[in-house]
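New notebook page. I want to find my way around this model, starting from the sheet and then checking the odd spots in the backbone.

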Amino acid sequence: MTLENQRGTRTSPFGVGRRESHDSSDFYNRRLYRSLAVSQPDPDELNRIAVPEPGDWSDRLYLQSAENMHPVPDNSVALALTSPPYNASKAYDQDLSLEDYLALIRRVGAEVYRTLRPGGRYLLNVAALGRKPYIPMQAFFWQLHIDLGFLPMGEIIWQKANGASGSCAWGSWLSARSPRLRDVHEYILVLAKQDYSRPDRGESDIERDDFLEATLSVWNIRPESARRIGHPAPFPVELARRAIQLFTFTGDVILDPFIGSGTTAVAAVESGRRYVGFEIEEAYVQLARERIQAARSSQ
């Protein structure tokens, strides 16, 4: 073991190769962070907040809008994970203005904040839209949720493919006149309630290699087949499972306010967690129940 590793590392103008016992106080004491005036909560005070045990409100799907998730108690959910409707002409999308769409996301976000326990996390899968103009939806989502009180923890790039060979959105072919970028990725925003760390303790079940891969900012996971699942925009179980194992303890409750075909609940069941989900389309609730039952039967 080197002397550096024995003593730990500190913020350096030239960076550091390792970060065991890393002291980053010099970085966070710079004006950039002092101007943000982020207060550090007292972990003991957060631990005194009552966290309800999972009850008959969990392991259930609700056929209602997540704008009012009254069956779910305050401070009860460890992780909210969802891919909201993109308002981009999918079969289930409404034709909302940008302002109305963001107002919907804000109302759901406020309910998610209420239901999360101290240190709970909210992961939002979102894609940018269009090209004329390009709508950086992730930027709107960041500001909206920060305004709600969420703490930004990071951003995962979900790389869905190395190339989009079936796509033809080139704009002008082999010409600088009007080339168009073709998206092969989406974003997963990672937010927290009240603190960046959970004040409680529990059992983590993520393996070493999975942890190393999951803590990278780029996740290479193939998309799910809409035709196979029977939903226009399902995200893969592997993506949900990775997030659940990274951010929650066994037995925690996972919330999906736009549960669609039930992927989040399936991953929760397969990971030894509990789930709660909201959906306004009855056909998708039935589809989700069938997938959850199949996941339970395979355990």
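I began with strand β2 (residues 77-82), which two bridges join to β7, and the two run parallel. L79 is the residue I found opposite I254 in β7. This is a predicted model, so I read every pairing here as part of a prediction.

Next I followed β7 to its other neighbour. Four bridges join β7 to strand β8 (residues 274-279), again in parallel. Here L255 stands opposite V276 in β8. I traced how the chain gets across: it leaves β7, passes through helix α10 (residues 263-270) and arrives at β8, and this β-α-β crossover is right-handed.

Are the two faces of β7 covered or open? I looked at residues 253-256 and both faces are covered. V253 and L255 are buried on one side, and I254 and D256 are buried on the other. That fits a note I keep for myself: side chains in a regular strand alternate between the two faces of the sheet.

Then I moved on to β1. Four bridges join β1 to β8, and they run parallel. I noted G277 in β8 as the bridge partner of L61.

Time to write down the whole sheet. Eight strands form an open sheet with mixed pairing, in the order β1-β8-β7-β2-β3-β5-β4-β6. Why do β1 (60-63) and β6 (218-220) each have one side without a neighbour in the sheet? They stand at the edges and each has a single partner strand, so one side stays free of a neighbour. I also jotted down the twist, which averages 20° from one strand to the next.

Now the odd spots. My rule of thumb is that most residues other than glycine have a negative phi, and most peptide bonds are trans. D59 has a positive phi, near 55°. I found D59 in the loop between α4 (43-47) and β1, and at 26% relative accessibility D59 counts as partly exposed. Q194 is not a glycine either, yet its phi is positive at about 75°. Q194 sits in the loop between β5 (185-192) and α7 (208-214) and is partly exposed, with a relative accessible area of 28%.

I flagged one peptide bond too: K132 to P133 is cis, with omega near 5°. P133 belongs to the loop between β3 (116-126) and α6 (137-147).

Last stop, the surface. F27, Y28, L32, Y33 and L36 form a nonpolar patch there, with about 500 Å² of accessible area together. Helices α2 (25-28) and α3 (31-34) each give two or more residues to the patch. I checked Y28 in helix α2: Y28 is partly exposed, at 43% relative accessible area.

Definitions and conventions: Residues numbered from 1 in each chain as written. Predicted model: local features only at pLDDT ≥ 70, side-chain atom pairs only at ≥ 80, totals over all residues. Heavy atoms only, no water. Patch = residues over 30% accessible without salt bridge, like charges linked within 9 Å, V, L, I, M, F, W, Y side chains within 5 Å. Areas by Shrake-Rupley, 256 points an atom, 1.4 Å probe, with all protein chains shown as cover. Salt bridge = Lys/Arg side-chain N within 4 Å of Asp/Glu carboxyl O. Buried < 20%, exposed > 50% of the residue type's maximum accessible area, 1.4 Å probe, protein only. Pairing = 2+ DSSP bridges. Right-handed = clockwise from strand over helix to strand, strands pointing away. Axes fitted to C-alpha atoms, helices over the stretch in contact; angles between N-to-C directions.
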